[in-house]
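Thank you all for making the time this morning. I would like to walk through one structure with you, going from its strands and helices to its salt bridges, and I will put it on the screen now.

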Amino acid sequence: MNFDDTPQEAAFRAEAKAWIATNAPKQYEEELKKASLGRTQLKGANILEVAKAWQKKKAEAGWACLHWPKEYGGRGATPIETMMAYAGEEQKRKYLPPLASGEKIWCQLFSEPAGGSDVAGLRTRAERNGDDWIINGQKIWTSGAHYSDYGILLTRTDPNVPKHKGLTMFFLDMKSPGVEIKPIKQANGQSEFNEVYFTDVKIPDAQRLGAVNDGWNVSLTTLMNERMSIGAGVATGFPELFEFCNNLMLEDGPAIDDRSVRSKLANWAVKASGLKYTSMRAISALSKGERPGPENSIGKLVAGSMIQDVATYALDLQGAAGVLSGPEDAEAAGKFQAMLLRAPGTRVEGGTDEIMRNIIAERVLGLPGDIRVDKDVAFNKIPTRGRG
Ligand SMILES: Cc1cc2nc3c(=O)[nH]c(=O)nc-3n(C[C@H](O)[C@H](O)[C@H](O)COP(=O)(O)OP(=O)(O)OC[C@H]3O[C@@H](n4cnc5c(N)ncnc54)[C@H](O)[C@@H]3O)c2cc1C
């Protein structure tokens, strides 16, 4: 980790700060502060439109997707690899600039009812038909599919080889004939993710990302970047809890003067600092041109459970009033209630706690691997009930 800015880095930092100070849509700041962590709605505006406009503004000024090359809508800052690592030149020029500017939104179609943690167990089939592929199957938990323009799609192209070896990645227009999207209602009342059904959906071979049957490697690039972004950007709830305790009166005085409250806050302050510096270490590595590695799983694992613990504690402090929800009725505008309902999702999306622990054990600590009895068995020979 290196915190000493070079003169160029210091100038870049100052330029970024000045641009944000002048251009950020500050009118939403107060509302978003209250609405964050599980409830992201705005009263007088559509949050998706606000987000798209902000992304467009950043892109026009060269502040979106900083690490992307300029010709694809970025700033040419430092290298990182996702779709860019595998798409052809023509496709990159066509699809990446509107992605960077927020005009076109993409979703990630990986998980299935039979392939979540074990995503390589997925069953959605892609069968070659001349210059096209025909897709049949079902995805689930697809965030944002209902407002996405495009999706990256992991499919099974060869069931006769072990499960990791017969997968291929594509991208597709979400409005393609045969794609059906059904939103899933969540505990917090929102519908952030969906079931997506594919019936004879046609995808041109030109929309294949990477080689046929190399989809596992392509998906790993995406997942590592996703875990990095979830781990680095996820809220911990600590600043909100600290502020809450600063203002809360308990029966025998201000919460912030209570010894047990202070002890809890101190422990979480240490954890929040650990997370901050772990993510900075990862950012330092990225700035040197290294790929996000498995150690990013640490940030996601720790932040996911921390936010749940913090929200639970804040509700405990609220006593009977903790069961109230909604910005009008609950303490702190219902922030911690919303946080608690969203927290389990954070611990599951992008890989569950157990999967993060497996990654850390095997790839960071070098411990013996999990038992994977089906690893070398042809996918269609793995015993299962009701294979489609
Ligand atoms: C908010 C949210 C957004 C999401 N967005 C997307 C998206 O946009 N696109 C997408 O493709 N998917 C998305 N997902 C799906 C997500 O990636 C999966 O839910 C996740 O990988 C877990 O898979 P599963 O739900 O099938 O659980 P399962 O894999 O069935 O796991 C069930 C339980 O078994 C445990 N388990 C499984 N395998 C092991 C093992 N080897 N060792 C120990 N324990 C194990 C798990 O930890 C878990 O507790 C999203 C999920 C959420 C919650």
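In which sense do strands β4 and β5 pair, and over how many bridges? Strand β4, residues 150-156, pairs with β5 in the antiparallel sense, and the pairing runs over seven bridges. Please keep in mind throughout that this is a predicted model. Within that pairing, Ile 152 has Phe 171 in β5 as its bridge partner. Strand β5 also has a second partner, since two bridges join it to strand β8, residues 208-209, and those two strands run antiparallel; there, Met 169 is matched with Leu 209 in β8. As for its surroundings, six of the seven residues of β5, which spans 167-173, are buried, so the strand is largely enclosed by the rest of the structure.

Let me step back to the whole chain for a moment. The secondary structure comes to 10 helices and 10 strands, and of the 388 residues in the protein chain, 45% count as buried. If we take the contacts between residues at least 6 apart in sequence, 69% of them join residues that are at least 24 apart. The accessible surface of the chain comes to about 20,400 Å², and 53% of that belongs to carbon and sulfur atoms.

From here I would like to turn to helix α4, residues 89-100, which has 12 residues and reaches 16 Å from its first C-alpha to its last, close to the 16 Å expected at 1.5 Å a residue. Its buried residues are Gln 91, Lys 92, Tyr 95, Leu 96, Pro 98 and Ala 100, and the buried residues of α4 pack against α3, β1, β4 and β5, which brings us back to the two strands we began with. On this helix there is also a salt bridge between Arg 93 and Glu 89, with the closest N and O atoms 3.0 Å apart. Both residues lie in α4, four residues apart, about one turn of the helix. As a general point, an α-helix has 3.6 residues a turn, so residues three or four places apart point the same way. Arg 93 is partly exposed, at 47% relative accessible area, and Glu 89 is partly exposed as well, at 39%. After the helix comes Gly 102, whose phi is positive, near 80°.

That leads me to the backbone angles elsewhere, where it helps to recall that most residues other than glycine have a negative phi. Trp 141, in strand β3, has a positive phi near 65°, and at 47% relative accessibility Trp 141 counts as partly exposed. Asn 213, which is found in the loop between β8 and α5, has a positive phi of about 70° although it is not a glycine, and Asn 213 is likewise partly exposed, at 25%.

Strand β3 also holds Ile 135, so which side of the burial cut-off does this residue fall on, buried or exposed? Ile 135 is buried, with a relative accessible area of 0%. Leaving aside neighbours within four places in sequence, its contacts include Thr 124, Leu 153, Thr 155, Phe 198 and Val 201. Ile 135 and Leu 153 are 18 residues apart in sequence and 9.9 Å apart in space, C-alpha to C-alpha.

Finally, the salt bridges, of which a search of the whole structure finds 12. Lys 163 forms one with Asp 374, the closest N and O atoms being 2.9 Å apart. This pair links distant parts of the chain, with Lys 163 in the loop between β4 and β5 and Asp 374 in the segment after α10, 211 residues apart. Lys 163 is buried, at 6% relative accessible area, and Asp 374 is buried too, at 18%. Asp 118 joins Lys 163 and Asp 374 in a network of salt bridges.

Another such bridge forms between Arg 342 and Glu 192, where the closest N and O atoms are 3.3 Å apart. Here again distant parts of the chain are linked, Arg 342 lying in helix α9 and Glu 192 in the loop between β6 and β7, 150 residues apart. Arg 342 counts as buried, at 19% relative accessibility, whereas Glu 192, at 28%, counts as partly exposed.

Note on methods:
Residues numbered from 1 in each chain as written. Predicted model: local features only at pLDDT ≥ 70, side-chain atom pairs only at ≥ 80, totals over all residues. Heavy atoms only, no water. Buried < 20%, exposed > 50% of the residue type's maximum accessible area, 1.4 Å probe, protein only. Pairing = 2+ DSSP bridges. Contact = heavy atoms within 4.5 Å. Areas by Shrake-Rupley, 256 points an atom, 1.4 Å probe, with all protein chains shown as cover. Expected span 1.5 Å × (residues − 1). Salt bridge = Lys/Arg side-chain N within 4 Å of Asp/Glu carboxyl O.
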